[in-house]
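Trainee: I have a new structure to look at, and I would like to learn how to read it. Could you walk me through it, one feature at a time?

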Amino acid sequence: MGFLQLNAIHKSFHREAKVLHNISLTIEEGEFFVLVGPSGSGKSTLLKIIAGLEKMDGGQILLNGERMDTRSPRERNLSMVFQNYALYPHLTVEDNILFGLKCKGLDQEQQQKRLQECITLLGLAPYSKRKPKELSGGQRQRVALARSIVSHAPLCLMDEPLSNLDAKLRAQMRIEIKQLQQTLGLTTIYVTHDQTEAMTMGDRIMVLHQGDIQQIGTPLELYNQPTNLFVAQFIGSPT
Ligand code: ADP
Ligand code: MG
């Protein structure tokens, strides 16, 4: 039994062709699991299904062996970071992060402790009183990360969180996200269409193409033993 288990998930929108076929996989606690595939392959749909933001047509999701798909999004206790990490423009960095703690029932002192922890982890101290418009793209992205980890949710979902950043910043943030994940032992599902991100960040990678799992494995396995031509070409291993 893994930490998160997906059993035979499938989904189509209206009467259109299936977007996800029979997706089954297991993710272990503390794992950095990358979901990679070209645009339109179904990555965001799968992440939204896990988060409870999109309905599936069939299948099961288990967290620690218990059904999770029957719970509301809030009861799933996940944290999420998206590509357009909307921060509240009228709130300071601190208040944006604290927003992630609303409805957690923590007292003032516990909230402050969590806040300071995140500010330190993400190096946000010099900007903590600023508003989003006074921050660079990378700083805003760090605030979004802080807001997602402050809740100490056991599972973190990230959907192309770096795609709005320039190449240099992306490379730096890849390292930062990975360090943060390792420090906190966060179980993470990270969605990207970028092979470099997948190969450098993933403990394991799942390659998705047209709603079908092509392969699940470590970066080295995918590179050395791609199961088909699609994986080989997508990952860029010698064929
Ligand atoms: P990815 O994140 O890999 O780019 P998506 O999960 O966003 O892919 O989309 C997978 C497929 O499902 C695409 O063909 C997309 O057009 C379709 N799709 C996604 N969301 C909807 C929706 N709300 N209604 C209809 N079709 C959708
Ligand atoms: Mg997407």
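Mentor: Gladly. Keep in mind that this is a predicted model. Let us start with the ligand.

Trainee: Which residues are around ligand 1?

Mentor: To read a ligand site, list the residues beside the molecule. Here they are F13, V19, G37, S39, G40, S41, G42, K43, S44 and T45.

Trainee: Which helix gives the most to the shell around ligand 1?

Mentor: That is helix α1, residues 43-51, with three residues in the shell. You can also sort the shell by class: two residues are nonpolar, seven are polar and one is charged.

Trainee: Across which strands does α1 lie?

Mentor: Helix α1 lies across β1 (4-12), β2 and β4, and its direction is at about 60° to β2.

Trainee: What is the order of the strands in the open sheet of four?

Mentor: To read a sheet, go from strand to strand across it. This one goes β2-β1-β4-β5, and the pairing is antiparallel. At its edges are β2 (18-27) and β5 (66-67), each of which pairs on one side only.

Trainee: How many bridges join β4 to β5?

Mentor: Two bridges hold this antiparallel pair, with β4 spanning residues 58-63. You can look for L63, which stands opposite E66 in β5.

Trainee: What about the open sheet of six strands: what is its order?

Mentor: Read across, it is β6-β7-β8-β3-β9-β10, and the pairing is mixed. The edge strands here are β6 and β10 (212-217), each paired on one side only. On average, neighbouring strands of this sheet are turned by 15° against each other, direction ignored.

Trainee: Let me pick one strand from it. Is β7 largely enclosed or open?

Mentor: For a question like that, count neighbours: a residue is buried if 20 or more other C-beta atoms lie within 10 Å of its own. In β7, residues 155-159, five of the five residues are buried, so the strand is largely enclosed by the rest of the structure.

Trainee: Which way do the residues of β7 point?

Mentor: L155, L157 and D159 point one way, while C156 and M158 point the other way, and all are buried.

Trainee: How many bridges join β6 to β7?

Mentor: Five bridges join them, and the two strands run parallel. To follow the pairing, match residues across the strands: M80 has L157 as its bridge partner in β7, V81 stands opposite M158, and F82 stands opposite D159. Strand β6 itself is mostly covered, with four of its five residues buried.

Trainee: And how does β7 connect to β8?

Mentor: Again five bridges join a parallel pair, with β8 covering residues 187-192. One partner to find in β8 is T187, which pairs with L155. Together with helix α5 (residues 167-184), β7 and β8 make a right-handed β-α-β unit.

Trainee: Which helix lies across β6 and β7?

Mentor: That is helix α4, residues 137-149, running at about 170° to β6.

Trainee: One last residue: is H90 buried or exposed?

Mentor: The same kind of neighbour count applies, and a residue is exposed if 12 or fewer lie within the cut-off. H90 has 10 C-beta neighbours inside 10 Å, so it counts as exposed. You will find H90 in the loop between β6 and α2 (93-99).

Terms used
Residues numbered from 1 in each chain as written. Chains lettered and ligands numbered in written order. Predicted model: local features only at pLDDT ≥ 70, side-chain atom pairs only at ≥ 80, totals over all residues. Pairing = 2+ DSSP bridges. Right-handed = clockwise from strand over helix to strand, strands pointing away. Axes fitted to C-alpha atoms, helices over the stretch in contact; angles between N-to-C directions. Contact = placed C-beta atoms within 7 Å. Near = placed C-beta within 6 Å. Nonpolar A, V, L, I, M, F, W, Y, C, P; charged D, E, K, R; others polar.
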